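Biologist: Before I use any of the descriptive terms for this protein, I would like to hear how each one is justified. Could we go through them slowly, one question at a time?

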Amino acid sequence: MKLKLRIWRQTNAADKGRMVTYDVDGISEDASFLEMLDVLNERLTVEGEEPIAFDHDCREGICGMCSLVINGQPHGPERNTTTCQLHMRKFKDGETIDVEPWRAKAFPVVKDLVVDRGAFDKIIESGGYISAPTGTAPDAHATPVPKADADKAFVAAECIGCGACVAACPNGSGSLFLSAKISHLGLLPQGQPERDSRVLNMVKTHDDLDFGGCTNTGECTVACPKGIPLEFIGRMNHDWLHASGK
Ligand code: SF4
Ligand code: FES
């Protein structure tokens, strides 16, 4: 495949940044989007140019590190897919592709396509844990969990903390991520001791950072590579009201 890439280059946080055009050729349609960028970076390195900085780690859709806005869509054109699992066959030969970092006030650009998602860590630190002793692996069913709750907690636990929901939201809200993390623990018996303090503290931390509020646009769930449903935001709001009324 032959492609024209328009990629965001930004030297550091203080730099204004700009789109730079690169032509790439000989890309396999079976290559992943990140492998295509690797090919370009190898060429730039050989030519003595600074390679393009972008985040990645597992490259198998589980770590949440990859974070590119491709043709205006976080994680690109395919639903329920991370950037690392997006393949070039989803694009047309000869296509022009725009590649940008997450655009959100809470995620400042560090360099090129890399953003600082430390705000998510601060939210987790404020309540995304349990105090129940875990010790060695317990016997199966030692703590009975209703099947419906276990299934729902599992869906919430699929959130990989990538931040695409924030990048897609016109308000820059982190509500989908926040609600998934709160629900994941709040649905299980082990998560009950901190259920109230968790929702109050995590929502407060979210609101104190540079995230916007949720106005139910639903863009987050469309962009989410794990298909985290909006119902968790409703569940979080219910828990917050309940806890703050005590
Ligand atoms: S809710 Fe979805 S889009 Fe948001 S951080 Fe979690 S996995 Fe990523
Ligand atoms: S690199 Fe880990 S989810 Fe994409």
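**From values to words**

Modeller: The C-alpha centres of domain 1 and domain 2 lie 27 Å apart, and I should say at the outset that this is a predicted model.

Biologist: Where do domain 1 and domain 2 begin and end, and how do you know?

Modeller: The domain assignment gives domain 1 as residues 3–111, whereas domain 2 is made of two stretches, 117–130 and 144–244. Their bounds come from an automatic or database domain assignment. The contact between them takes 18 residues from domain 1 and 18 residues from domain 2, and on the side of domain 1 that touches domain 2 the residues divide into eight nonpolar, eight polar and two charged.

Biologist: What does the protein contain in helices and strands?

Modeller: The protein has eight helices and seven strands, and its C-alpha atoms fill a box of roughly 60 × 40 × 30 Å along the principal axes. Buried residues make up 35% of the 246 residues.

Biologist: Why is H75 called buried or exposed, whichever word applies?

Modeller: A residue is called buried if 20 or more other C-beta atoms lie within 10 Å of its own. H75 has 27 C-beta neighbours inside 10 Å, and therefore H75 counts as buried. This residue lies in the loop between β4 (73–74) and β5 (96–101).

Biologist: What is the phi of H75, and what makes it worth a remark?

Modeller: H75 has a positive phi of about 70° although it is not a glycine. Most residues other than glycine have a negative phi. D112 likewise has a positive phi, of about 45°, and is not a glycine; D112 lies in the loop between β6 (109–111) and β7 (114–115).

Biologist: How do you know whether D112 is buried or exposed?

Modeller: The same cut-off of 20 applies, and because D112 has 24 other C-beta atoms within 10 Å, D112 is buried.

Biologist: Why, then, is L40 given the word that it has?

Modeller: The word exposed needs 12 or fewer neighbours and the word buried needs 20 or more; L40 has 18 C-beta neighbours inside 10 Å, which lies in between, so L40 counts as partly exposed. L40 sits in helix α1 (residues 33–46), and, leaving aside residues up to four places away in sequence, L40 touches L5, Y22, V24 and I52.

Biologist: What makes A31 buried, exposed or partly exposed?

Modeller: A31 has 16 C-beta neighbours inside 10 Å, a count between the two cut-offs, and therefore A31 counts as partly exposed. A31 is found in the loop between β2 (18–24) and α1, and A31 touches M36, H87 and M88, again not counting residues up to four places away in sequence.

Biologist: How do you know that the length of helix α8 agrees with what a helix should span?

Modeller: Helix α8 covers residues 231–244, which is 14 residues, and at 1.5 Å a residue, taken for one less than the number of residues, the helix should span 20 Å. The end C-alpha atoms of α8 are 20 Å apart, so the two values agree.

Biologist: Which residues of α8 are buried, and what puts them on the same side?

Modeller: In α8 the buried residues are F232, I233, R235, M236 and D239. They cover an arc of only 160° around the axis, which puts them on the same side of α8. The face turned away from this buried side carries the exposed residues G234, H238, L241 and H242, while the buried residues of α8 pack against α3 (147–157), α5 and α6 (195–208).

Biologist: Why are the buried residues of α2 said to be on the same side?

Modeller: In helix α2 (residues 118–125), A119, F120 and I123 are buried. They cover an arc of only 105° around the axis, and therefore they are on the same side of α2. On the other side of α2, G118, D121 and E125 are exposed, and the buried residues of α2 pack against α5 and α6.

Biologist: Which residues are closest to ligand 1, and how many surround it?

Modeller: Ligand 1 is surrounded by 15 residues, and the closest are C159, C162, A164, C165 and C224. The largest share of this shell, three residues, comes from α5, and the shell divides into 12 nonpolar residues, two polar and one charged.

Definitions and conventions
Residues numbered from 1 in each chain as written. Chains lettered and ligands numbered in written order. Predicted model: local features only at pLDDT ≥ 70, side-chain atom pairs only at ≥ 80, totals over all residues. Near = placed C-beta within 6 Å. Helix = DSSP H or I, 4+ residues; strand = E, 2+ residues; numbered from the N terminus. Nonpolar A, V, L, I, M, F, W, Y, C, P; charged D, E, K, R; others polar. Arc of directions from axis to C-beta. Contact = placed C-beta atoms within 7 Å.
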